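Visitor: I am new to this structure. Please show me how to read it, one feature at a time.
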Amino acid sequence: MAEQNTHPPAYENPDANRPASTMPTEAQIEHVDHDPYAAWRHRGYSYFSAGWFIAAIGAQMQSVAVGWEVYHRAGHSTLALGLVGGLQAIPVMLLALPAGHLADKYSRKAIVMLTLVGIILCSSGMAVVSYLQQPLWMTFLLLFGSSTARALGRPSRQALLPQLLPLRDFANGITWNSSIFQIACMVGPALGGLVLMKSVPLAYLLDGICSLVFFIFCIGLKLQPRAAAGAAHSRGWQSLLGGLRFVWNTRIILATITLDLFAVLLGGAVYLLPSFATDILHVGEVGFGWLRAAPAVGALLMAVALAHLPPMKKAGRAMLLAVVGFGAATIVFGLSRSFWLSLAMLFLTGVFDNISVVVRHTLVQVLTPDEMRGRVSAVNNVFIGASNELGGLESGLTAAAFGTVPAVVAGGIGTIITVALCAWRWPQLRKFGSLRDAKPPQTAAVATASAQ
């Protein structure tokens, strides 16, 4: 694929006789070229993102409600919190690759809408079970069903973005998408804490309503044509595993995904927040909601800053340093006995995590050809999506065995060690420069990489 010009039309064919003193400098070109709101100028992206934002708020409210209800109904059991994470991880690990295959073979929009129907039904069922105070295993079963629908729909939802935005505006769209998600992670838990004071079932019901709104927004979406699917689609498992082969052969993607995998697996304290809020910091439902929202507040502010700044010139180094900061803030949070210090440290985890997310998502989507984006997004979901829930399971088991505080502190230390190992194993990540340097591979190169 030929390199695309990244400058606006005014600079594409400059006048050869133009005086040198009036020629725009590189800094001026970059300033004119950078539009922080470029993605929002595309109607399809705006509709899709608005619907997803509302659905993400609902999902966060459900997550807050599940953690709070299970922890208290199970007698303040951190092991029960770990089980919540484990149940959500299973569908991702089992279904992410098949879901990515479906996303590349069938209508991504239709898959997203069908899975939204499943989420609506499961959330409504959880509301009924909670209201009637039925056994917890019924809540776990419906949570598993909801997680299954989300796992099936996530690769299609992520792979829709390139059909809503031109390549030129894609990195900007990824940054704003991260902002949208972080706003939802900020608003959802805060609202969830308030809703929990009145009714746990209401939080589940609101999740179903929010998913219904997203379904309605998806109906009128008009998508750009997809790249023609290759012959690999007819090869069954060979096609299904194509995303894994592509990631393995694209080492910069493998490095970023692996780094995030272990950072989230070891450094996540979110699933243990009901224990911190209740037994260590001694705050109620509202305080718990703010603790859950704090990482999103930090991530949102960082996302907005990144959207307004030119692309990072040394993105690889920035990602490594950000994950180190994430681990250090996690350690301080684990040792803190002050609500405000804990809130500040969770805020910083969001700041650092957002830098990592923007770099990883941009590289995964931009370096992947469109005909493979569903399958590669699925691999990304196996690494990152499952690691969130598996991190919850790991945290619950470790906390049950050694205590809540040691589990979190050890996770932060493990995160920093992981950064050192990744920086040593993949030096190309340390050396990677601007995100603008990331370009899709040529079709022939992709075919060669996939065949190896």
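The talk below goes through a helix, some residues, aromatic rings and a cavity.

Guide: This is a predicted model, where local features need pLDDT of at least 70, side-chain atom pairs count only at pLDDT 80 or more, and totals for chains, interfaces and linings use all residues. Residues are numbered from 1 along each chain as its sequence is written, and side-chain values use heavy atoms, with hydrogens and water left out.

Visitor: Let us start with a helix. What should helix α2 span, at 1.5 Å a residue?

Guide: Helices are DSSP runs (H or I, at least four residues), numbered from the N terminus. The expected span is 1.5 Å times one less than the number of residues. Helix α2 covers residues 43–73, so its 31 residues should span 45 Å. Its end C-alpha atoms are 45 Å apart, which agrees. After α2 comes G75, with a positive phi near 75°.

Visitor: How many residues of α2 are buried?

Guide: Buried means under 20% relative accessible area, exposed means over 50%, and partly exposed is in between (1.4 Å probe, protein chains only). In α2, 23 of the 31 residues are buried, so the helix is mostly covered.

Visitor: Which residues is V70 in contact with?

Guide: Contact means heavy atoms within 4.5 Å. V70 lies in helix α2. Its relative accessible area is 0%, so V70 is buried. Leaving aside neighbours within four places in sequence, V70 is in contact with A80, V84, L136 and F140. V70 and P274 are 204 residues apart in sequence, yet 9.5 Å apart in space, C-alpha to C-alpha.

Visitor: Is T78 buried or exposed?

Guide: T78 is buried, at a relative accessible area of 11%. T78 sits in helix α3 (residues 78–105). Beyond neighbours within four places in sequence, the contacts of T78 include Y71, L272 and T404.

Visitor: Now the rings. How many aromatic pairs does the structure hold?

Guide: A pair of aromatic rings is described by the distance of the centres and the angle of the planes. Rings of Phe, Tyr and Trp (its six-membered ring) pair if their centres lie within 6.5 Å; planes under 30 degrees apart are stacked, over 60 edge-to-face, and the rest tilted. The structure holds eight such pairs. In one, W40 and Y45 have ring centres 5.2 Å apart and planes at 75°, so the pair is edge-to-face. W40 is partly exposed at 31% relative accessibility, whereas Y45 is buried at 0%.

Visitor: How do the rings of W40 and W176 lie?

Guide: Their centres are 6.2 Å apart and their planes at 70°, so this pair is edge-to-face. W40 lies in the loop between α1 (26–33) and α2, and W176 in helix α6 (residues 170–198), so the pair ties together parts 136 residues apart in sequence. W176 is buried, with a relative accessible area of 11%. W40, Y45 and W176 form one aromatic cluster.

Visitor: Last, the empty space. How many cavities of 30 Å³ or more are there?

Guide: On a 1 Å grid over the protein atoms alone, a cavity is a set of points where a 1.4 Å probe fits but cannot get out; lining residues have an atom within 4 Å of a point. The structure holds three cavities of 30 Å³ or more. The lining of the second largest includes D260, F326 and S356.

How values were computed. On a 1 Å grid over the protein atoms alone, a cavity is a set of points where a 1.4 Å probe fits but cannot get out, and a pocket is an open set with protein on both sides within 12 Å along at least five of seven lines; lining residues have an atom within 4 Å of a point. Grid points are joined across faces, edges and corners, and a volume is the space filled by probe spheres set on the points. Helices (H or I, at least four residues) and strands (E, at least two) are DSSP runs, numbered from the N terminus.
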